[in-house]
Amino acid sequence: MNAVGIDVSKGWSMVAILRPGGEIVSKPFVVRHLSDEIQSLIELIRSLEGESRIVMEHTGRYYEPVAQQLSNAGLFVSAVNPKLISDFQDEDNSLRKIKSDKADAIKIARYTLDRWQKLKQYSLMDEIRIQLKTMNRQFAFYMKHKTAMKNNLIGILDQTFPGVNTYFDSPAREDGSQKWVDFASTYWHVDCVRKMSLNAFVEHYRKWCCRRKYNFSRSKAEEIHGTAKELVPVLPKDHTTRLIIRQAVEQLNTASQTIEHLRSLMNETAARLPEYPVVMAMKGVGPSLGPQLMAEIGDVTRFTHRGAITAFAGVDPGVNESGDYKQKSVHASKRGSSTLRRTLFLIMDVLIKTRPQDDPVYRFMDKKRAQGKPYYVYMTAGANKFLPIYYGRVKEYLSSLPQ
């Protein structure tokens, strides 16, 4: 038995090799994430007598190049949650707490020996799944920026045209444009509206809607004109103010276009995966949340049972027991993927709003809500019930497909 512990970092890793009884086969050494050095590591492991198993922490995306090359070489590789390594108490009873890459590599090797029979083989995500997950992380990144840019624009407009962002609630188009943003780009100051007579503004607004292909409503135009007369702007209507607003609008539109393009591309990519029709048929899941859910869960066949997928998401209920004491209500573990939990939360929110009476997850949440459970309690409980259903349906469908 050769336990290979790899402490992964960005661009390089620390490797330690141990055998039972604390025998050191190889003291910790550095392997850079270069093809020739990883190949040398592969040859070293192959030259060892007996079975070898490799364990590394799946920290971010740093471990993937090493795990892929080692797995492609036919070696047993297991990527373990860093929390499990952190909680592992090895045989070192020293009171000193040493934190270094060498010590971590040795600790991972000891973990390998201790959990030898329970280690799970690393399964490579295919290229489509890797692309989908990468796009989803980019999607989340740009969504944060869009929110910041939207709040920035609203903050500026509150000084020139207060409340203009509330005039329209039309959803974003496929190109990312929104009616209130386009309106603010043209009518960026209250004086752009109230300096015109009512009939002149109505006609100007009608032509603007026709040119931008938005629905025109005379009553809405009259409402905007009447409100503009009562507003008090802070910034003057001049070239500098107009330039500031136009730049903020342009930045927001660019982020929105990127998000909508990513949303469309993610749906096209997810449609190439075999479980796509099953996932899209589930209540609360649409062309936006479906690909996000598939991206974060990945291949369900890597989970050994239903409880494993809820633990991966961190929505499994915790346990607090001691002797005769047993706490009835315990917070969810929240030790899994925070991105997946956010996606599940959005799906539960859709179920609450759409109220599909034939969906077991919604009925379960509605029951908890009727019992007076707090918002986050029944939302988390719904996610905990949703995941096993997802696991069962997708795994059953995949097993029915040709090999």
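Let me start with one working term: a residue is called buried when its relative accessible area is under 20%. Keep that cut-off in your heads, and keep in mind too that what we're looking at today is a predicted model.

Here's a residue to try it on. Val-300 comes out at 2% relative accessibility, so it counts as buried. You might expect that of a residue in a helix or a strand, but where does Val-300 sit? Val-300 is in the loop between α12, residues 289-297, and α13, residues 306-313. And which residues does Val-300 touch, once we leave out those up to four places away in sequence? The list is Tyr-390, Tyr-391, Val-394, Lys-395 and Leu-398. For a sense of distance, take Val-30, which is 270 residues from Val-300 along the chain. The C-alpha atoms of those two valines are separated by 34 Å.

Now let's step back to the whole protein. There are 16 helices and 7 strands in it. Its radius of gyration is 28 Å, well over the 22 Å that the globule rule gives for 403 residues, so the protein is more spread out than a compact globule. If you prefer a box, the C-alpha trace spans about 90 × 50 × 50 Å along the principal axes.

How much of the chain is buried? Of the 403 residues, 41% count as buried. The protein exposes about 22200 Å², and carbon and sulfur atoms supply 50% of that area. As for contacts, look at those between residues at least 6 apart in sequence: 66% of them join residues at least 24 apart.

A word on charge, for those of you thinking about it. The protein carries 59 positive and 43 negative side chains. The centres of those two sets lie 5 Å apart.

Back to single residues, with Ile-245 next. Ile-245 belongs to helix α10, which covers residues 239-270. Its relative accessible area is 0%, so Ile-245 is buried. Around Ile-245, leaving out residues up to four places away in sequence, the contacts are Leu-153, Ile-156, Leu-157, Thr-160, Ala-184 and Trp-188. Ser-399, by contrast, is 154 residues from Ile-245 in sequence, and the two are 55 Å apart in space, C-alpha to C-alpha.

Gly-284 is another loop residue, placed between α11, residues 276-280, and α12. At 17% relative accessibility, Gly-284 counts as buried, because the cut-off is 20%. With residues up to four places away left out, Gly-284 touches Leu-289, Ile-347, Val-350 and Leu-351. Between Gly-284 and Tyr-122 there are 31 Å, C-alpha to C-alpha, and the two are 162 residues apart along the chain.

What about a charged residue, Asp-104: buried or exposed? At 16% relative accessibility, Asp-104 counts as buried. Asp-104 lies in helix α4, residues 101-114. Beyond residues up to four places away in sequence, Asp-104 touches Asp-7 and Lys-99.

Now, the one a bench biochemist always asks: how many disulfides are there? A search of the whole structure finds 0. Let me show you two cysteines. For Cys-192, the closest cysteine sulfur is in Cys-209, and at 16 Å it is too far for a bond, because a disulfide needs the sulfurs within 2.5 Å. For Cys-209, the closest cysteine sulfur is in Cys-210, 8.8 Å away, and that is too far for a bond as well. Both cysteines are buried: Cys-192 has a relative accessible area of 15%, and Cys-209 has one of 1%.

Last stop, the backbone. Most residues other than glycine have a negative phi. Lys-213 has a phi near 65°, a positive value in a residue other than glycine. You'll find Lys-213 in the loop between α8, residues 198-212, and α9, residues 218-230. At 70% relative accessibility, Lys-213 counts as exposed. Arg-355 also has a positive phi, near 55°. Arg-355 is in the loop between α14, residues 338-354, and α15, residues 360-370. Its relative accessibility is 53%, so Arg-355 counts as exposed.

That's my tour, everyone. Thanks for listening, and do turn the model around yourselves.

Note on methods. Residues are numbered from 1 along each chain as its sequence is written. This is a predicted model: local features need pLDDT of at least 70, side-chain atom pairs count only at pLDDT 80 or more; totals for chains, interfaces and linings use all residues. Side-chain values use heavy atoms; hydrogens and water are left out. Helices (H or I, at least four residues) and strands (E, at least two) are DSSP runs, numbered from the N terminus. The radius of gyration is taken over C-alpha atoms; the globule rule is 2.2 Å times the number of residues to the power 0.38. Buried means under 20% relative accessible area, exposed over 50%, partly exposed in between (1.4 Å probe, protein chains only). Contact means heavy atoms within 4.5 Å. Accessible areas come from the Shrake-Rupley method with a 1.4 Å probe; for residues, only the protein chains shown count as cover. Lys and Arg count as positive and Asp and Glu as negative; His and the chain ends are not counted. The place of a charge is taken as NZ of Lys, CZ of Arg, CG of Asp or CD of Glu.
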